[in-house]
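Subject: Structure for your review

Dear colleague,

Please find below the structure that I am handing over to you, together with its sequence. My notes on what was found in it come after.

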Amino acid sequence: MIYLDNAATTLQKPSCVGQAMLDALEHAGNPGRGAHEPTLHAARIVYHARETLATLLHAESPDCIAFTANVTQALNTALCGLVRPGDHVITTVCEHNSVLRPLYRLREQGAEVSFVEVDDTGRLRYEQFEKFLRPNTRLVVVTHASNVTGDLTDLAFVSAFAKKHGLTLVVDAAQTAGARPIDVQALGVDVLCFTGHKALLGPQGTGGLYVRPGLTMAPLVVGGSGIHSFDETHPSQMPTALEAGTLNVPGLAGLGAGVEWILSQGVEALHEKETALTRLFHEKIVHVPGVKIYGSFDETDRAPIVSLNFGDEDAARAADILWEDYGICVRAGAHCAPLIHKALGTVEQGMVRFSFSHQNTEAEVLRAAEAVCELAEEG
């Protein structure tokens with residue numbers, strides 16, 4: 001089997017991830033709910049995960065990191081906690097439904113939303129950010145990298161725009177956290193949402209958000225916190241403010257171990273390997289007749305994703321053939337990002353997405369490229 005569906009979830013994890021999860025299952029209690037060793041052990045596990053993520057993202061402190069079940073919950077927490085009826089939000093057509101659907105619901109509640117478009121290659125039309133600015137604009141939310149095309153958003157540009165106009169910047173880093181260097185302070189990001197099960201090499205059911213110090217938002221969920229139990233309102237200090245209920249301690253143990261492994265290897269080195277594998281695959285298929293590749297490859301700095309189609313062939317059928325005949329795992333369809341498919345004309349056909357990890361080998365990439373060539377020849 002050749003696993004090239006890493007944009008959905010990474011499959012090959014460092015062995016330390018599973019070992020950490022097993023240790024937590026066997027020895028960790030409930031963090032913050034006691035003073036005995038099992039609960040203290042759980043608290044240390046959670047703090048270690050916060051600390052490693054704060055280091056990876058260059059956050060001001062571990063307290064800036066709050067945990068959720070996934071990036072979808074993190075984005076819902078940020079958007080629903082910051083946007084009010086009458087507010088205007090600027091976003092893009094590149095967004096995942098984890099951004100779009102909360103915004104649509106907020107729009108039903110009285111918020112307004114504008115969508116920055118893309119050109120024929122999938123590049124954002126950055127001049128539209130100023131065009132969409134309104135007196136009631138409160139927030140900008142963008143994906144750091146499209147999960148469909150792999151194209152990066154110029155966060156330096158968007159951050160400068162947000163700061164110029166006093167707007168809050170929320171970033172969906174589902175495809176980039178752990179896969180490339182991110183410095184939230186240097187980039188001027190107010191909220192950065194991440195998921196654990198992709199490039200951060202953690203298990204499914206983990207995720208969270210970085211929140212800039214001084215920024216407050218209404219919590220999505222309130223309830224038990226382990227502190228201030230007689231207060232009628234949920235604690236307001238981070239990270240407890242956004243973490244009601246018992247955390248997924250075994251999952252966070254695995255996430256912390258995954259991020260620690262990334263730090264030990266160097267995120268820059270891992271990013272370089274993924275970029276090289278992506279470039280190799282693209283170079284082998286870019287001139288194959290009948291293969292249409294989506295996104296802009298003029299710049300080498302992009303997410304490790306190559307999405308394509310074989311003529312007019314349905315993307316789902318092509319993906320089935322890749323699995324059944326070649327043992328290659330890819331993703332086909334709309335990838336939960338409908339607006340970019342509308343922009344690129346692939347609503348009916350979908351796309352076949354190859355997504356790479358540093359766990360992949362050159363031999364796997366070359367075999368996948370060979371399979372693409374053979375499928376294209378068969379027409």
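The notes below take up enclosed spaces, aromatic rings, cysteines and backbone geometry in turn.

Please bear in mind throughout that this is a predicted model.

**Cavities and the largest pocket**

A search of the whole structure returned two cavities of 30 Å³ or more. The largest cavity holds about 130 Å³ of space. Its lining is made up of 17 residues, and those nearest the centre are Asn 6, Gln 175, Ala 199, Pro 304 and Phe 356. By character, the lining of the largest cavity comprises nine nonpolar, six polar and two charged residues.

The second largest cavity has a volume of about 40 Å³. Leu 152, Gln 175, Thr 176, Ala 179, Arg 180, His 271, Glu 274, Arg 302, Ala 303 and Pro 304 line this second cavity. Four of its lining residues are nonpolar, three are polar and three are charged. Gln 175 and Pro 304 appear in the lining of the largest cavity and also in that of the second largest.

The largest pocket contains about 410 Å³ of space. Of the 21 residues that line the pocket, Tyr 126, Asp 151, Leu 152, Thr 153 and Asp 154 lie nearest its centre. The pocket lining is divided evenly, with seven nonpolar, seven polar and seven charged residues. Leu 152 is thus named for the pocket and lines the second largest cavity as well.

**Aromatic rings**

The structure holds seven aromatic pairs. In one of them, Tyr 126 and Phe 157, the ring centres are 5.1 Å apart and the planes stand at 65 degrees; an angle over 60 degrees counts as edge-to-face, so this pair is classed that way. Tyr 126 is in the loop between strand E4 (112–116) and helix H5 (128–132), whereas Phe 157 belongs to helix H6 (residues 155–164), and the pair therefore links parts of the chain 31 residues apart. Phe 157 has a relative accessible area of 33%, which falls between the limits of 20% and 50%, so it is partly exposed.

A second example is the pair of Phe 281 and Phe 354, which is tilted, with 4.8 Å from centre to centre and 40 degrees between the planes. Because Phe 281 lies in helix H9 (residues 267–285) and Phe 354 in strand E13 (residues 351–355), this pair ties together parts that are 73 residues apart in sequence. Both Phe 281 and Phe 354 are buried.

Ring pairs also join Tyr 126, Phe 129, Phe 157 and Phe 161 into a cluster. A further contact involves a charge: the charged end of Arg 302 sits over the ring of Phe 297, 3.8 Å from the ring centre. Arg 302 is also one of the residues lining the second largest cavity.

**Cysteines**

How many disulfides does the structure hold? The count is zero. Cys 80, for example, is in no disulfide, and the nearest cysteine sulfur, that of Cys 193, is 11 Å away. Cys 16 is partly exposed, with a relative accessible area of 27%.

**Backbone geometry and individual positions**

Most residues other than glycine have a negative phi, and most peptide bonds are trans. Several places in the model depart from this pattern, as set out here.

- The peptide bond from Met 238 to Pro 239 is cis, with omega near 0 degrees. Pro 239 is located in the loop between strand E8 (207–211) and helix H8 (249–265).
- Leu 201 is not a glycine, yet its phi is positive, at about 70 degrees. Leu 201 is in the loop between strand E7 (191–195) and E8. With a relative accessible area of 1%, under the 20% limit, Leu 201 is buried.
- His 335 likewise is not a glycine and has a positive phi, of about 60 degrees. His 335 sits in the loop between strand E12 (331–333) and helix H11 (338–344). At 1% relative accessibility, His 335 counts as buried.

Finally, Ala 7 is placed in the loop between strand E1 (2–3) and helix H1 (15–27). Ala 7 is buried, with a relative accessible area of 4%. The C-alpha atoms of Ala 7 and Val 171 are separated by 17 Å, while the two residues are 164 apart along the chain.

With kind regards

Note on methods. Residues are numbered from 1 along each chain as its sequence is written. This is a predicted model: local features need pLDDT of at least 70, side-chain atom pairs count only at pLDDT 80 or more; totals for chains, interfaces and linings use all residues. Side-chain values use heavy atoms; hydrogens and water are left out. On a 1 Å grid over the protein atoms alone, a cavity is a set of points where a 1.4 Å probe fits but cannot get out, and a pocket is an open set with protein on both sides within 12 Å along at least five of seven lines; lining residues have an atom within 4 Å of a point. Grid points are joined across faces, edges and corners, and a volume is the space filled by probe spheres set on the points. Ala, Val, Leu, Ile, Met, Phe, Trp, Tyr, Cys and Pro count as nonpolar, Asp, Glu, Lys and Arg as charged, and the others, Gly among them, as polar. Rings of Phe, Tyr and Trp (its six-membered ring) pair if their centres lie within 6.5 Å; planes under 30 degrees apart count as stacked, over 60 as edge-to-face and the rest as tilted. Helices (H or I, at least four residues) and strands (E, at least two) are DSSP runs, numbered from the N terminus. Buried means under 20% relative accessible area, exposed over 50%, partly exposed in between (1.4 Å probe, protein chains only). A charge sits over a ring if NZ of Lys or CZ of Arg is within 6 Å of the ring centre and within 35 degrees of the ring normal. A disulfide is a pair of cysteine sulfur atoms within 2.5 Å.
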